[in-house]
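Here are a few friendly notes to read alongside the model. Take them one point at a time, and keep the 3D view open as you go.

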Amino acid sequence: MSAGRGEAPRAGVREAAGVWEAPGRVNLIGEHTDYNDGLVMPFALDLTVVAEARRRDDGVLRLSSDGAEPGRETVRLEVADLAPGHGPRGWTDYPAGVVWALRAAGHRVGGAELRYTSTLPAGAGLSSSAALEVVTALALNDLYGLGLDRTELALLARRAENDYAGAPTGIMDQMASACCTEGRALVLDTRDLTRRDIPFDPGAEGLALLLLDTRVTHAHSTGEYGRRRAGCEAAARALGVRALRDIGPGELADALGRLGDPELRRLTRHVVTENERVARVVAALTAGDVRGVGPLLTEGHASLRDDFRVSCPELDLVVAAALDAGALGARMTGGGFGGSAIVLTEVATAAAVTGAVERAFAEASLGAPVARMARPAGGARRLA
Ligand code: ADP
Ligand code: MG
């Protein structure tokens with residue numbers, strides 16, 4: 001059995017049948033709402049995973065990546081042997097999981113040769129795992145003429161991540177990578193997967209959206225994520241609704257009055273106000289008021305820090321230093337307990353804001369954050 005066997009790297013894919021790419025993403029607003037059936041609003045980054053791929057008719061899946069862990073740069077698997085549930089096997093779980101998920105759903109997919117190159121940092125909260133899955137799904141969809149649409153591909157990619165790679169994530173990352181469009185953010189209803197594109201182009205307004213990676217991950221993040229999720233489910237049960245997204249802003253005061261537990265009250269207040277903030281960001285952008293998004297980001301951060309309690313000192317420091325230096329708004333993005341913050345600022349003050357955050361980190365004896373400019377880019381596509 002050849003599953004998992006390492007092979008020496010080999011250059012290029014001979015007779016490549018095509019080249020595809022899929023981006024990472026940042027969530028503009030709508031945090032910890034996905035498992036409450038709520039709204040999220042990600043946009044794609046111009047950082048991508050590219051796959052050069054061709055079909056193989058011998059049932060072999062040969063995967064190689066310049067971003068692989070050492071010693072696993074090239075892996076050869078038998079498609080017929082792919083099965084979930086044998087514990088983590090490394091980076092190939094994501095693409096192999098896509099092949100498994102497609103076959104498990106009854107699609108006629110055989111072997112393939114896929115070679116990945118990437119500009120998207122892995123493990124930085126920018127969703128490289130989803131980009132790797134989505135680029136694989138898109139390539140196989142074309143190579144095998146499956147005719148699946150973007151939502152179907154995203155759902156299969158999520159199945160690969162949840163059931164094959166064993167990471168219990170929501171649908172946002174795969175939908176963002178598969179469906180985003182340039183210069184727009186994607187408003188996704190995570191209950192029914194309906195989506196809308198909303199123009200979001202800070203650069204056209206003389207603004208910059210900065211992405212500041214604190215480069216910290218606090219060890220308790222997974223356990224805390226599970227606790228928040230369980231708390232939201234308990235609150236929904238206590239309120240007699242399917243999920244917290246079913247509580248509208250006008251019903252919040254009454255709902256809080258009916259919840260005895262202060263922690264459940266705080267969790268509920270965050271989810272309800274966060275869904276409302278997504279609607280307010282959509283309204284601001286639809287009215288052409290990109291600057292008006294700033295205070296909503298800052299409000300969202302306060303809610304995540306004080307009510308949902310998933311921030312950490314490093315994220316709070318980015319937000320405080322950026323606002324002190326004149327940013328229009330800032331918030332943590334992603335699950336919390338580390339990772340990145342986003343900052344909306346005038347282009348003219350972007351360098352001063354970044355400098356202020358870097359100085360604040362140095363004064364607190366923290367490692368320097370990594371600053372990037374985030375430009376809303378297009379979703380997954382075929383390049384050649
Ligand atoms: P994120 O999705 O936020 O980047 P994850 O932990 O979900 O973080 O996924 C990171 C994992 O995805 C890496 O550890 C690696 O296994 C895989 N991965 C991402 N990009 C690549 C790549 N270009 N090549 C190989 N594996 C990759
Ligand atoms: Mg991921």
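1. Start with the largest pocket, bearing in mind that this is a predicted model. Its lining is made up of 42 residues. To find the middle of the pocket on your screen, look for R25, G125, T169, D173 and G335, which lie nearest its centre. The space inside comes to about 1300 Å³.

2. Which elements build the wall of the largest pocket? At least two lining residues come from each of strand 2 (18-29), helix 2 (128-143), helix 4 (172-179), strand 9 (207-217), helix 5 (221-239) and strand 11 (338-346). Strand 9 contributes the most, with six residues.

3. The largest pocket also takes its lining from two domains: domain 1 (18-197 + 378-382) and domain 2 (201-373) each give at least three residues. Sorted by class, the lining of this pocket holds 22 polar, 13 nonpolar and seven charged residues.

4. Now turn to the second largest pocket, with a volume of about 280 Å³. It is lined by 15 residues, and S65, G67, A122, S128 and L132 are the closest to its centre. Strand 6 (111-118) and helix 2 each supply at least two residues of this lining, and helix 2 has the largest share, with three. By class, the second largest pocket is lined by eight nonpolar, five polar and two charged residues.

5. Next, the aromatic rings. How many aromatic pairs does a search of the whole structure find? The count is four. One of them joins Y35 and Y225 in an edge-to-face arrangement, with 5.4 Å from centre to centre and 70° between the planes. These partners come from distant parts of the chain, 190 residues apart: Y35 sits in the loop between strand 2 and strand 3 (39-56), and Y225 belongs to helix 5.

6. Are the two partners buried or exposed, or somewhere in between? Y35 has a relative accessible area of 10%, so it counts as buried. Y225 reaches 26% relative accessibility, and therefore counts as partly exposed.

7. Another pair to look at is W100 with Y164, which is tilted: the centres are 5.7 Å apart and the planes make an angle of 40°. Because W100 lies in helix 1 (residues 93-104) and Y164 in helix 3 (residues 150-164), the pair ties together parts that are 64 residues apart in sequence. Both W100 and Y164 are buried.

Conventions
Residues are numbered from 1 along each chain as its sequence is written. Chains are lettered from A and ligands numbered from 1 in the order in which they are written. This is a predicted model: local features need pLDDT of at least 70, side-chain atom pairs count only at pLDDT 80 or more; totals for chains, interfaces and linings use all residues. Side-chain values use heavy atoms; hydrogens and water are left out. On a 1 Å grid over the protein atoms alone, a cavity is a set of points where a 1.4 Å probe fits but cannot get out, and a pocket is an open set with protein on both sides within 12 Å along at least five of seven lines; lining residues have an atom within 4 Å of a point. Grid points are joined across faces, edges and corners, and a volume is the space filled by probe spheres set on the points. Helices (H or I, at least four residues) and strands (E, at least two) are DSSP runs, numbered from the N terminus. Ala, Val, Leu, Ile, Met, Phe, Trp, Tyr, Cys and Pro count as nonpolar, Asp, Glu, Lys and Arg as charged, and the others, Gly among them, as polar. Domain bounds come from an automatic or database domain assignment. Rings of Phe, Tyr and Trp (its six-membered ring) pair if their centres lie within 6.5 Å; planes under 30 degrees apart count as stacked, over 60 as edge-to-face and the rest as tilted. Buried means under 20% relative accessible area, exposed over 50%, partly exposed in between (1.4 Å probe, protein chains only).
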